[in-house]
Amino acid sequence: PGIRYKGLLTANPAPGWVKHRFVEQKLPDHVFVPALPQDNPHLPPDYVDGLRQLYPPELVRQLLEGDWDVLEAGNYLFRYAEVKAAIDRPVTVDDNMPKVMGVDIARYGDDSSVVALRHGSRVIWLQAWAKTDLMDTTGRVASLIDRFRPDAVNIDVIGLGAGVYDRLKEMKYPVNAVNVSEAARGESKEKFANLRAEIYQQLSKRFEEGDISIPDDAELVAQLSGIKYRFNSRGQLEVESKEDMKKRGMKSPDKADSLALAFMEAKRARPSIRWL
């Protein structure tokens, strides 16, 4: 009695229960500590070159970069190594860059409402809350808009988000209704099954190109790293839905969704030409 027991596990990055339990989820009394070979002060000087000579590039990425996805044929939309590299990344931000807020409203159960705010490429605010009514949620979002004065606020209006959007619109806040189940908006919309797939692909590209800085939030990292994708019969990119993620034991990616909303590209109107 009174003794707290713990277990220490170590493993190479690979598909399986270790990844699901420690990397893709944030569970009580579970801590994931990534460690790369370069973190070892006693690493032989020829260790890295030796690995590159012995093993194929995919396996080298798995062992040297801690890539948990490389053995799953790219089934995950975000590479874990790229997400980790974005934490507190130094990026240039100035007053001329836009501030955009993404708002994902909890629909039911254990889901959380989340607000993500970016200034340029840097996420400067990430807040989540659960089990509040729509009026309380509307008040929270309104107070954050008053505090940060973003240039745009993108709200997912599927489900309960519609009520929050309607009230904020009535209060004259600069809010945009976003229905991620609608058709993609870009010129290459035939490549995406819906708007959700398009804005997530835009977000994924930022991580690939190093054009994003996120806070050190373990839950956000886990949610991004756990999102899968596939191609439908029309060859369009489909991003795994919240419902499908829950079916395989994952929590709803509310923080990831709000981040995608914050970084979605604005719909550009095409200029019309009149001949006089």
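The following dialogue explains how to read two helices and a strand in a predicted model.

Q: What should be known about the model before reading it?
A: The model is predicted; local features need pLDDT of at least 70, side-chain atom pairs count only at pLDDT 80 or more, and totals for chains, interfaces and linings use all residues. Residues are numbered from 1 along each chain as its sequence is written, and side-chain values use heavy atoms, with hydrogens and water left out.

Q: What span is expected of helix α5 at 1.5 Å a residue?
A: Helices are DSSP runs of H or I with at least four residues, and strands are runs of E with at least two, numbered from the N terminus. The expected span of a helix is 1.5 Å times one less than its number of residues. Helix α5 (residues 134–148) has 15 residues and should therefore span 21 Å, which agrees with the 21 Å between its end C-alpha atoms.

Q: Where do the buried residues of α5 fall, seen down its axis?
A: An α-helix has 3.6 residues a turn, so residues three or four places apart point the same way. Buried means under 20% relative accessible area, exposed over 50%, and partly exposed in between (1.4 Å probe, protein chains only). In α5 the buried residues are T137, T138, V141, A142, L144, I145 and F148. They fall within an arc of 160°, so they line one face of the helix; the arc is that of the directions from the helix axis to the C-beta atoms. The face turned away from this buried side carries the exposed residues M135 and R147.

Q: Which residue caps the N-terminal end of α5?
A: A polar contact is a pair of N or O atoms within 3.5 Å; within protein, one must be able to donate a hydrogen and the other to accept it, and residues adjacent in sequence count only if both atoms are side-chain atoms. D133 is the cap, with a side-chain oxygen 3.2 Å from the backbone nitrogen of M135.

Q: How many residues of α7 are buried?
A: In α7, 11 of the 15 residues are buried, so this helix is largely enclosed by the rest of the structure.

Q: Which residues cover the two faces of strand β2?
A: In a regular strand the side chains alternate between the two faces of the sheet. In β2, S113, V115, L117 and H119 on one side and V114, A116 and R118 on the other are all buried.

Q: How many bridges join β2 to β3?
A: Two strands pair if DSSP finds at least two bridges between them. β2 and β3 pair in the antiparallel sense over seven bridges, and V115 has Q127 in β3 as its bridge partner.
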